[in-house]
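Biologist: I am new to this structure and would like a close look at a single part of it. Please take the aromatic side chains, and then set them in the wider fold.

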Amino acid sequence: LLLTPVTARFPTALHAIRAEFEPHHDLLWQASVIPPGMHPAEHGQWPRHVLRDSVQLASAVALDHAGYPVRVDGGGAVVVAVETGGPAEGRLLPGDTITALGGNTVATAADLVAQISRVPPGFPVVLRVQRGDQSLDVTVRPDRPGALGRPMLGVAIQDAAPLIRLPFAVRLALSDVGGPSAGLMTALSVYAVTTGDDLTKG
């Protein structure tokens, strides 16, 4: 299985010129890559944290489908950054942990994304939020950005200390891979190794 990595960096003048002529380079505004309210240095570390969680969850999904006993208990979705001008501005804060939406448990960041995607744009939702020692109910109206085409809260999130119990340890050599998209490749790889199935047919 092959993975195509995508690397983002602040361009020099030479990089900007190359992006105009080379098909595998593109030049984007910072605001379209880094969520508003998130420092560039923080954004650079964020994919590593997301990758760590996605690898564990992907391994759990793969082993579960392969017939192994797996248990996943999530602690919710932690807000990493809040978009300036977004639906959650002034309502959610970095460090908040979202544990429920409309009375439905949010165990992981993926849970929150899936539940929000089913909410009509502009329809208010009530989030159960853990903020320090306080448990709060926060109402937010997700909107539907044109580029993504699905309802969004306007926050960057990651899993809150997921507790994943696998039947055996799974270790992967990931080198410089980061971000959540590697989770799919992880799931396919773990499933292929544990079942012997040739998923890609060569």
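Modeller: Phe168 is partly exposed, with a relative accessible area of 35%, a value that lies between the limits of 20% for buried and 50% for exposed residues. This is a predicted model, and everything that follows should be read as a description of that prediction. Phe168 has an aromatic partner, and a search of the whole structure turns up one such pair. The partner is Tyr68, and the two rings meet edge-to-face, with 5.3 Å from centre to centre and an angle of 90° between their planes. The angle counts as edge-to-face because it is over 60 degrees. As for where the two residues sit, Tyr68 belongs to the loop between helix 2 (40–65) and strand 1 (71–73), while Phe168 belongs to the loop between strand 8 (163–165) and helix 4, so the pair ties together parts that are 100 residues apart in sequence. Tyr68, like its partner, counts as partly exposed, in its case at 29% relative accessibility.

The loop that holds Phe168 leads towards helix 4, which spans residues 182–195 and includes Leu184. Leu184 is exposed, since its relative accessible area is 55%, and the limit for that class is over 50%. Together with Leu188 and Leu199, Leu184 makes up a nonpolar patch on the surface, and the three residues share about 250 Å² of accessible area.

A contrast to Leu184 is found in strand 7, which covers residues 155–159 and includes Asp159. Asp159 counts as buried, because its relative accessibility is 9% and the class takes in values under 20%. The side chain of Asp159 reaches the backbone nitrogen of Ala109, at a distance of 2.5 Å.

To place these details in the whole, the protein has four helices and eight strands, which follow one another along the sequence in the pattern α-α-β-β-β-β-α-β-β-β-β-α. Of its 202 residues, 32% count as buried, and its accessible surface comes to about 12,500 Å², with 56% of that area belonging to carbon and sulfur atoms. Finally, among the contacts between residues at least 6 apart in sequence, 65% join residues at least 24 apart, and the pairing of Tyr68 with Phe168 likewise links parts that are 100 residues apart in sequence.

Definitions and conventions
Residues numbered from 1 in each chain as written. Predicted model: local features only at pLDDT ≥ 70, side-chain atom pairs only at ≥ 80, totals over all residues. Heavy atoms only, no water. Patch = residues over 30% accessible without salt bridge, like charges linked within 9 Å, V, L, I, M, F, W, Y side chains within 5 Å. Areas by Shrake-Rupley, 256 points an atom, 1.4 Å probe, with all protein chains shown as cover. Salt bridge = Lys/Arg side-chain N within 4 Å of Asp/Glu carboxyl O. Buried < 20%, exposed > 50% of the residue type's maximum accessible area, 1.4 Å probe, protein only. Polar contact = N/O pair within 3.5 Å; in protein donor to acceptor, adjacent residues only side chain to side chain. Phe/Tyr/Trp six-rings, centres within 6.5 Å; stacked < 30°, edge-to-face > 60°. Contact = heavy atoms within 4.5 Å.
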